Amino acid sequence: MIKSKICEMLGIEYPVFQGGMAWIADANLAAAVSEAGGLGIIAAMNARGDYLREQIRLVREKTKKPFGVNIMLMSPHADAAAAVAAEERVPVVTTGAGDPTRFMKMWLDAGIKVIPVVASVSMAKLAVRAGAAAVIAEGQESGGHVGELTTMTLVPQVASAVTVPVIAAGGIGDGRGFAAVLMLGACGVQMGTRFLLAKECGVHRNYKDAIIRASDISTVVTGRRFGGNACRCIKNAFTRDFIRAEYAPDATPQSIAELGAGSLRLAAVEGDVKNGSVMAGQIAGLLTREQSAAEIIGEITAEAEEILKGAARWVE
Ligand code: TUI
């Protein structure tokens, strides 16, 4: 049984978080992951506050176990979503794609455990100074919005820089990745791509099939040229056209800013995996089948445990 201090802190059975994927991580998926003993997370994404309130109420109807809400800080509705999370006194808030410090006091006053996603040591330190209970160190192997560092390099540097628990994310898809990041100083994992293939995940069938078809080299990062909006997706017509437009001689940050609008919804909800953005991590090539959330958590923790129990064979 893999237990760590994050289990005790949050009242969960396994140190496994489900990523707060926009248009995908709803109350149904979050409840299934939390019921299975992990931490299910609802994505507030770009939606209005009332969507989030409804999802929080739904998850509470489905499970009595702890869950989280992810506030995507680039959202035009981030302020409203942040306020809803505080009013509803959700157990955990995770944040992504920015600096969460402007909301920290409100969440801490509401008794919420705040766990920001960070892509650098400086952001990890800033978050901890502002009262973060833990941090999620996410490497650029992950799907969606990415920073510069890899999980391999980010996790140990963050773990050395802060005293709070560190959760690793980005490129983790099985028990080997789970065991590896424990060796890097993490005490838990967050996975997005693997939970796309959870039976309880309602993402479009075509999106799941694109993950199952993916190989190790199927993803690409768009939006690197002008910085700040780098995004990892499965290569398709959308990423090809985006990169072509981005590197056109007359391209400007303004001219490409709107290119991605609506593209994730197109893939995740409408199932257009050619013209939409199929955000996925680099571990997609390892994933071959759908399983329930409980099977995913059970399998990855059992694999990690077996590896860790045998790890002494490397030492004389
Ligand atoms: O946020 C993510 N992943 C995301 S956000 C996103 S955007 C979106 N797209 C379409 C529809 C709806 C939403 C897609 N995927 N992961 C967490 C994450 N945060 N990764 C990296 C960071 C990060 C980067 C810089 C966190 C903090 C940071 O700080 C920079 C600064 O100084 O503000």
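A salt bridge is a side-chain nitrogen of Lys or Arg within 4 Å of a carboxyl oxygen of Asp or Glu. With that in hand, Glu-299 and Arg-194 can be examined in this predicted model: the closest N and O atoms of Glu-299 and Arg-194 are 3.0 Å apart, so the two residues form a salt bridge. Glu-299 sits in helix H14, which covers residues 293-310, while Arg-194 belongs to helix H9, made of residues 193-196. The pair links distant parts of the chain, with 105 residues separating the two partners. In total, the structure holds 16 salt bridges.

On a broader scale, the protein chain is divided into two domains. Domain 1 is built from two stretches, 5-203 and 287-307, and domain 2 spans 219-279. Taken over C-alpha atoms, the centres of domain 1 and domain 2 are separated by 24 Å. Their contact takes 15 residues from domain 1 and twelve residues from domain 2.

How can such an interface be described? The size of an interface is often given as the accessible area lost when the parts come together. Here, domain 1 and domain 2 bury about 1000 Å² between them, and 57% of that area is on carbon and sulfur atoms. On the domain 1 side, Trp-23, Gly-144 and Val-146 supply 44% of the area buried against domain 2, more than any other three residues. Polar contacts are found across the interface too, in five residue pairs, both residues of each being at pLDDT 80 or more. The count of salt bridges between the two domains, however, is zero.

The sheets come next. Strands of a sheet pair through backbone hydrogen bonds, either parallel or antiparallel, and both kinds of pairing occur here. An open sheet of eight strands shows parallel pairing, in the order S1-S9-S8-S6-S5-S4-S3-S2. Its edge strands, S1 (16-18) and S2 (40-43), each pair on one side only. From one strand to the next, the twist averages 25°. Strand S1 and strand S9 (residues 188-191) pair in the parallel sense over three bridges, and Gln-18 stands opposite Met-191 in S9. Helix H7 (residues 151-161) packs on this sheet and touches three strands, namely S5 (113-118), S6 (135-138) and S8 (166-169). The direction of helix H7 makes about 150° with that of S6.

A second open sheet is formed by three strands in the order S7-S11-S10, and here the pairing is antiparallel. Strand S7 (144-145) and strand S10 (219-222) are the edge strands, each pairing on one side only. Four bridges join S10 to strand S11, which consists of residues 231-234, and these two strands run antiparallel. Within this pairing, Val-221 has Arg-232 in S11 as its bridge partner. Helix H11 (residues 237-246) lies across S10 and S11 and runs at about 35° to S10.

Terms used: Residues are numbered from 1 along each chain as its sequence is written. This is a predicted model: local features need pLDDT of at least 70, side-chain atom pairs count only at pLDDT 80 or more; totals for chains, interfaces and linings use all residues. Side-chain values use heavy atoms; hydrogens and water are left out. Two strands pair if DSSP finds at least two bridges between them. Contact means heavy atoms within 4.5 Å. Axes are lines fitted to C-alpha atoms, for helices over the stretch in contact, and angles run from 0 to 180 degrees between N-to-C directions. Domain bounds come from an automatic or database domain assignment. Buried area is the accessible area (1.4 Å probe) that two parts lose on being put together, summed over both. A polar contact is a pair of N or O atoms within 3.5 Å; within protein, one must be able to donate a hydrogen and the other to accept it, and residues adjacent in sequence count only if both atoms are side-chain atoms.
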